[in-house]
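Please open the structure in your viewer and keep the sequence beside it, so that each selection below can be followed in turn.

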Amino acid sequence: MNMRKIGTDEVSAIGLGCMGITHASGAPMSIEDGAKVIETAHDLGYTLFDTAECYTGVYPDGTTAYNEEVVGKGIKSFRNEIFLASKCGVQHGGDHLILDSSPETIRKSVEGSLKRLGTDHIDLYYQHRIDPKVEPETVAETMAALIKEGKTVSYTHLRAHETLANIVC
């Protein structure tokens, strides 16, 4: 597998965008089946895994399928060997997106993501969509605080995300 740099980290040139495991591709996979997909990708040399708090679906029993829970289970045995990316600032509201990148929501989101992922940090935490109600500087200040607290290692916003899209998504 060819490698690329994100900051100072070396990651696989092909990353696994995990959205389709639980969201936007029909019925969500079971946690076990989704975890096997992630483990197989790792076995094939993938070291970059991307998820988001809003990648949810509904299991046949009516419970919520959280993508981050599936990813967390899948990466558990090799967490320190991979680069983990997740996103905040978007929720699904039926037929529309709800944007909220307020500092309070970002903090609540990262705590939820860390818990669902079963990890103490996220390597790249980024804003899923720009929230026109929140100044970029406010988002950056919040993310800087999360970096200082060790909850995330790095941060980017949408414009940088668009540059990385061929790697991350």
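The tour starts with the whole protein and then goes to one pair of helices.

Begin with everything selected in a cartoon view, bearing in mind that this is a predicted model. In this view you can look for six helices and 11 strands. The radius of gyration is 15 Å, close to the 15 Å that the globule rule gives for 169 residues, so the protein is as compact as a globular protein of that length. If you show only the C-alpha trace, its span along the principal axes comes to about 40 × 40 × 25 Å.

Next, colour the residues by accessibility: buried residues account for 47% of the 169 residues. Contacts can be drawn as well, and among those between residues at least 6 apart in sequence, 71% join residues at least 24 apart.

Now select residues 31–43, which form helix H2, together with residues 67–75, which form helix H3; the two pack at an angle of about 55°, and their axes lie 8 Å apart. Angles between 35 and 65 degrees count as oblique, and H2 and H3 are therefore oblique to each other. Their crossing is right-handed.

To see what lies between the two helices, show the side chains of the residues in contact. On H2 these are Ile 31, Gly 34, Ala 35, Ile 38 and Glu 39, while H3 contributes Glu 69, Val 70, Val 71, Lys 73, Gly 74 and Ile 75. Coloured by class, the contact of H2 with H3 shows six nonpolar, two polar and three charged residues.

Key
Residues are numbered from 1 along each chain as its sequence is written. This is a predicted model: local features need pLDDT of at least 70, side-chain atom pairs count only at pLDDT 80 or more; totals for chains, interfaces and linings use all residues. Side-chain values use heavy atoms; hydrogens and water are left out. Axes are lines fitted to C-alpha atoms, for helices over the stretch in contact, and angles run from 0 to 180 degrees between N-to-C directions. Helices (H or I, at least four residues) and strands (E, at least two) are DSSP runs, numbered from the N terminus. Angles under 35 degrees count as roughly parallel, over 145 as roughly antiparallel, 65 to 115 as roughly perpendicular and the rest as oblique. A crossing is left-handed if the near helix is turned anticlockwise from the far one by less than a right angle, and right-handed if clockwise. Contact means heavy atoms within 4.5 Å. Ala, Val, Leu, Ile, Met, Phe, Trp, Tyr, Cys and Pro count as nonpolar, Asp, Glu, Lys and Arg as charged, and the others, Gly among them, as polar. The radius of gyration is taken over C-alpha atoms; the globule rule is 2.2 Å times the number of residues to the power 0.38. Buried means under 20% relative accessible area, exposed over 50%, partly exposed in between (1.4 Å probe, protein chains only).
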